[in-house]
Amino acid sequence: MWFDWRTLDAFLGVVALLIAFSSAFYTWLTSGSRKNTEAIAELKADMEHQETRLDRVETKLDALPDRDDLHRLDKQIEGMGVRFGAVEDTLRAVQRATERISDYLLKSGGKA
């Protein structure tokens with residue numbers, strides 16, 4: 001017979017050993033990519049969290065007054081200062097008139 005079972009058994013043993021080694025080698029090679037995949041997933045989750053935070057900050061910044069709003073507010077405050085100055089002058093005049101009336105009443109003995 002041209003076929004030897006021992007040779008076939010040895011050949012299949014070598015093939016099985018090669019398959020086992022190649023499986024172990026493939027597992028070793030792909031373990032790094034699995035770790036990278038997990039790290040990339042973590043980074044994506046962190047990036048989504050940062051994007052959410054950035055969106056909230058941008059929303060708050062959009063609600064803040066801009067340069068033109070602050071300029072208008074400054075002009076309004078300046079106008080109020082001018083008006084308060086006029087009110088202050090008026091109050092001084094009222095105070096002087098009140099002091100004169102008080103002095104008159106004190107000198108006249110309360111008789112009007």
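## A tour along helices H1 and H2

Select Asp-62 to begin: with a relative accessibility of 70%, this residue counts as exposed (over 50% relative accessible area, where buried means under 20% and partly exposed lies in between, with a 1.4 Å probe and protein chains only). The model is predicted, so local features need pLDDT of at least 70 and side-chain atom pairs count only at pLDDT 80 or more, while totals for chains, interfaces and linings use all residues. Residues are numbered from 1 along each chain as its sequence is written, and side-chain values use heavy atoms, leaving out hydrogens and water.

Asp-62 belongs to helix H1 (helices being DSSP runs of H or I with at least four residues, numbered from the N terminus). Add Glu-48, Glu-51, Asp-55 and Glu-58, which together with Asp-62 form a surface patch of negative charge (residues with over 30% relative accessible area and no salt bridge, like charges being joined within 9 Å).

Move next to helix H2, residues 67-108, which spans 61 Å from its first C-alpha to its last, close to the expected 62 Å (1.5 Å times one less than the number of residues). Select Asp-69 and Arg-72, which form a salt bridge with their closest N and O atoms 2.6 Å apart (a side-chain nitrogen of Lys or Arg within 4 Å of a carboxyl oxygen of Asp or Glu).

Further along H2, select Glu-88, Asp-89 and Arg-92, which are linked in a network of salt bridges: Arg-92 meets Glu-88 at 2.5 Å and Asp-89 at 3.3 Å. Finish at Gly-109, which follows H2 and has a positive phi, near 80°.

Key:
Helix = DSSP H or I, 4+ residues; strand = E, 2+ residues; numbered from the N terminus. Patch = residues over 30% accessible without salt bridge, like charges linked within 9 Å, V, L, I, M, F, W, Y side chains within 5 Å. Areas by Shrake-Rupley, 256 points an atom, 1.4 Å probe, with all protein chains shown as cover. Lys, Arg positive; Asp, Glu negative; His and termini not counted. Charge placed at Lys NZ, Arg CZ, Asp CG, Glu CD.
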